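Hi,

Here is the structure I promised to pass on. Have a look at it first, and then read on for what turned up when I went through it.

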Amino acid sequence: MSELSHIIAEATVRVESIEDFCLETVAPILKQWDFCRITGLVTEEQAKQSLDAVAATFSDIVDHPVTGEAASDVMTNFQKMSIGRARHGGVDRPRFMRTLYNPVWCDDIYKMRDNFTALAQVRNILSGMPRDFAIARVEDDVWTAARIHHFPSGGGFMVDHKDTVLPKMLKENDFSGEYYQLLLLLSQKGEDFETGGGTVELNGEMIEYEDYTLRGDILVYNGSTVHGVNDIDPHLRYVQSSPAGRYSALATLFKKLG
Ligand SMILES: [Fe+2]
């Protein structure tokens, strides 16, 4: 076993059901690594079924531009590109990706309802909130921005960064819970893309973890975790109408705007 796969194994916890999950399950791992991998809550088959649904319904015709959407648009099934430095969001965070917003109160077009619910429940448990807080509805002015990130083959990426915008927003809005970012891997390196993938800083070094993870894995970051996505298959031509690439799902708490 390589040193890296050994570290990932040490940072992994298997959870059979959400009823068995509590903060204490992962707290020592997060304390040591600012990173944790949870397996068992979403199966590879469930993740694959969702990815297949994304591919089957995929169309670039509904791609909205990088800026200009209404605050209410992302609270519906809504697809947009995120290309450039993202400075309109108050940060300098180069990326090349597509976001497919799919709140749990909208049509379940990607067969993601159960997966998003599990992800949001883990988030709530970690943050010390009620298990079903702000998942199916807006609560205390926040909601679960259930969405899929598509990093297209041909150079999709996200520069390495720490999450700063959302923790600050939540603090300013007197949200009492700790900030955690959770990621559900929907694609499989070696099958859906060949090179690149998710990165995280471990032991002071940026590593590509998807050589050691499986689709269906849930990854946990906190506000101190440096993470990103290395260029996905840069040896291929980027094709806007193609669903090829790397996919992850998020269930972040967003403040309701407007
Ligand atoms: Fe991030």
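Before anything else, please keep in mind that this is a predicted model.

I'll start with a residue on the outside. Asn203 is exposed, with a relative accessible area of 57%. You'll find Asn203 in the loop that runs between strand 8 (197-202) and strand 9 (205-208). Its backbone caught my eye: Asn203 is not a glycine, yet its phi is positive, at about 55°.

Lys111 does something along those lines too, with a positive phi of about 50° despite not being a glycine. Lys111 sits in the loop between strand 4 and helix 4 (113-127). With a relative accessible area of 47%, Lys111 counts as partly exposed, because the exposed class begins over 50%.

Now to the metal. Which protein atoms are the donors of the iron ion? They are NE2 of His161, OD of Asp163 and NE2 of His227, and they lie 2.1 to 2.2 Å from the iron. Along the chain, the donors follow the spacing H-x1-D-x63-H. The two histidines bring distant parts of the chain together: His161 belongs to strand 6 and His227 to strand 11, and they are 66 residues apart.

Are those histidines buried or exposed? His161 is buried, at 11% relative accessibility, and His227 is buried as well, at 7%. Both get that label because buried means under 20% relative accessible area.

His227 deserves a closer look. Its side chain makes a polar contact of 3.1 Å with the side chain of Asp163, and it also reaches the backbone oxygen of Thr225 at 3.0 Å. Leaving out residues up to four places away in sequence, His227 touches Val159, Asp160, His161, Lys162, Asp163, Thr199, Val200, Met206 and Tyr221. So that you have a sense of what is not in this neighbourhood, the C-alpha atoms of His227 and Cys106 are 29 Å apart, with their positions 121 residues apart along the chain.Next, the largest pocket. Its volume is about 1,100 Å³. The lining is made up of 45 residues, and those nearest the centre are Arg95, Tyr101, Arg147, Leu166 and Phe254. Sorted by class, the lining has 24 nonpolar, twelve polar and nine charged residues.

Which element gives the most to that lining? Strand 12 does, with five residues. Several other elements supply at least two residues each, including strand 3 (78-84), strand 4 (95-101), strand 5 (142-152) and helix 5 (165-172). Strand 6 (156-161) and strand 11 (227-232) are also among them.

Tyr101, one of the residues nearest the centre of the pocket, is found in strand 4. It is buried, with a relative accessible area of 10%. Not counting residues up to four places away in sequence, Tyr101 touches Val74, Thr76, Asn77, Phe78, Lys80, Ala146, Arg147 and Phe254. Arg147 and Phe254 appear in the list of residues nearest the pocket centre as well. Tyr101 and Leu250 are 149 residues apart in sequence, while their C-alpha atoms are 9.6 Å apart in space.

Strand 3 also holds Gln79, which is buried at 8% relative accessibility. Which side chain does Gln79 join through a polar contact of 2.7 Å? That partner is the side chain of Asp63. Beyond residues up to four places away in sequence, Gln79 touches Ser59, Asp60, Val62, Asp63, His64, Arg98, Thr99, Leu100 and Tyr110.

Last one: Tyr212, in the loop between strand 9 and strand 10 (218-222). At 28% relative accessibility, Tyr212 counts as partly exposed. Its contacts, again leaving out residues up to four places away in sequence, are Ser2, Leu4, Ser5, Ile8 and Arg37. The C-alpha atoms of Tyr212 and Lys189 are separated by 9.2 Å, and the two residues are 23 apart along the chain.

Cheers

Notes:
Residues are numbered from 1 along each chain as its sequence is written. This is a predicted model: local features need pLDDT of at least 70, side-chain atom pairs count only at pLDDT 80 or more; totals for chains, interfaces and linings use all residues. Side-chain values use heavy atoms; hydrogens and water are left out. On a 1 Å grid over the protein atoms alone, a cavity is a set of points where a 1.4 Å probe fits but cannot get out, and a pocket is an open set with protein on both sides within 12 Å along at least five of seven lines; lining residues have an atom within 4 Å of a point. Grid points are joined across faces, edges and corners, and a volume is the space filled by probe spheres set on the points. Helices (H or I, at least four residues) and strands (E, at least two) are DSSP runs, numbered from the N terminus. Ala, Val, Leu, Ile, Met, Phe, Trp, Tyr, Cys and Pro count as nonpolar, Asp, Glu, Lys and Arg as charged, and the others, Gly among them, as polar. Donors are N, O and S atoms within 2.8 Å of the metal (3.2 Å for Na, K and Ca); water is not among the atoms, so sites may look incomplete. Buried means under 20% relative accessible area, exposed over 50%, partly exposed in between (1.4 Å probe, protein chains only). A polar contact is a pair of N or O atoms within 3.5 Å; within protein, one must be able to donate a hydrogen and the other to accept it, and residues adjacent in sequence count only if both atoms are side-chain atoms. Contact means heavy atoms within 4.5 Å.
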